[in-house]
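Student: I'd like a close look at one part of this model, the strands and the way they pair, and then whatever packs around them. Please walk me through it in one go.

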Amino acid sequence: SIEKNPAALALMVENKARFCVSNLEIIDGLAPDVLTSLPAPDRVFLGGTSGNLSEILKVVFGKNPAARIVIPAVTLETLGRAVSALEKFRLVDTDIAQVAITKTRKVGASHLLDAQNPVWLISGEGAHE
């Protein structure tokens, strides 16, 4: 996992220990910069790209043209960039799913359905060459 935010990095280290995760390497840095020194990935979850989506995917698919990616989107702008990436990189086996959670909260004697923000999950795979 690559993380540039010091607070998020500390939380990841804490959670790795808390949940006894042994198969996670946490790397302090910014993608795509640190990607060049890492092994070719087969699966990539892009939880935040700081506007570097195309550059990150270029490095990922340069290392493994058949890599599978998943991009979560909580804004329309990210959704649009992700869909454009599906086309730009000619991904196959693509899927776009919208996930929404609704919680309840007590209001007087009733329970109100309180919708949370939806999340889009965009996935695809590089063309096998």
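Tutor: Let's start with strand S7 (residues 110-115), which is hardly covered: of its six residues, the count of buried ones is zero. Keep in mind that this is a predicted model. S7 does have a partner, since strand S6 (residues 102-107) pairs with S7 in the antiparallel sense over six bridges. If you want one pair to click on, take Lys103, whose bridge partner in S7 is Asp114. The two strands form a hairpin with two residues between them, and there Gly108 takes a positive phi near 65 degrees.

Now go to the open sheet. Four strands make it up, in the order S3-S4-S8-S5, with mixed pairing. Strand S3 (43-45) and strand S5 (92-99) are at the edges with a single partner strand each, so one side of each has no neighbour in the sheet. On average, neighbouring strands here are turned by 10 degrees against each other, direction ignored. Helix H3 (residues 76-88) packs on this sheet, where it touches strand S4 (68-73), S5 and S8, and its direction makes about 10 degrees with that of S8.

Strand S8 (residues 119-125) is a good one to follow residue by residue. With S5, S8 pairs in the antiparallel sense over six bridges. With S4, S8 also runs antiparallel, and six bridges join the two. Which residue should you pick to see both pairings? Try Ile122 in S8: Ile122 is the bridge partner of Ile71, and Ile122 is also the bridge partner of Ile96. Another pair to look at is Ala97 with Leu121 of S8. As you step along, remember a general point: side chains in a regular strand alternate between the two faces of the sheet.

Glu125 also lies in S8, and a bench eye may well stop there. Is Glu125 buried or exposed? Its relative accessible area is 14%, which is under the 20% cut-off, so Glu125 counts as buried. Leaving out residues up to four places away in sequence, Glu125 touches Ala66, Ala67, Arg68, Leu91, Val92 and Asp93.

Next, helix H2 (53-63). The buried residues of H2 are Leu53, Ile56, Leu57, Val59, Val60 and Phe61. These buried residues pack against S3, S4 and H3, so here you meet parts of the sheet again, together with the helix that packs on the sheet.

H2 leads on to the largest pocket, which has a volume of about 650 Å³. Among its 25 lining residues, those closest to the centre are Ser1, Ile2, Leu35, Leu38 and Phe45. Strand S1 (2-3), S3 and H2 each supply at least two residues of that lining. By type, the lining splits into 14 nonpolar, six polar and five charged residues.

That leaves the loops. As a rule, most residues other than glycine have a negative phi, and most peptide bonds are trans. Three spots here are worth checking against that. In the loop between helix H1 (6-18) and strand S2, Cys20 has a phi near 55 degrees, a positive value in a residue other than glycine. Cys20 is exposed, with a relative accessible area of 66%. Ser50, in the loop between S3 and H2, has a positive phi of about 50 degrees although it is not a glycine. At 47% relative accessibility, Ser50 counts as partly exposed. The third spot is a cis peptide bond that joins Ala31 and Pro32, with omega about 15 degrees. Pro32 lies in the loop between strand S2 (27-28) and S3.

One last loop residue brings you back to the sheet. Thr75 lies between S4 and H3, and at 34% relative accessibility Thr75 counts as partly exposed. Thr75 and Pro118 are 43 residues apart in sequence, but their C-alpha atoms are 9.1 Å apart in space.

Key:
Residues numbered from 1 in each chain as written. Predicted model: local features only at pLDDT ≥ 70, side-chain atom pairs only at ≥ 80, totals over all residues. Heavy atoms only, no water. Pairing = 2+ DSSP bridges. Axes fitted to C-alpha atoms, helices over the stretch in contact; angles between N-to-C directions. Contact = heavy atoms within 4.5 Å. 1 Å grid on protein atoms, 1.4 Å probe; cavity = no way out; pocket = protein on both sides within 12 Å on 5 of 7 lines; lining within 4 Å. Points joined across faces, edges and corners; volume = space filled by probe spheres on them. Nonpolar A, V, L, I, M, F, W, Y, C, P; charged D, E, K, R; others polar. Buried < 20%, exposed > 50% of the residue type's maximum accessible area, 1.4 Å probe, protein only.
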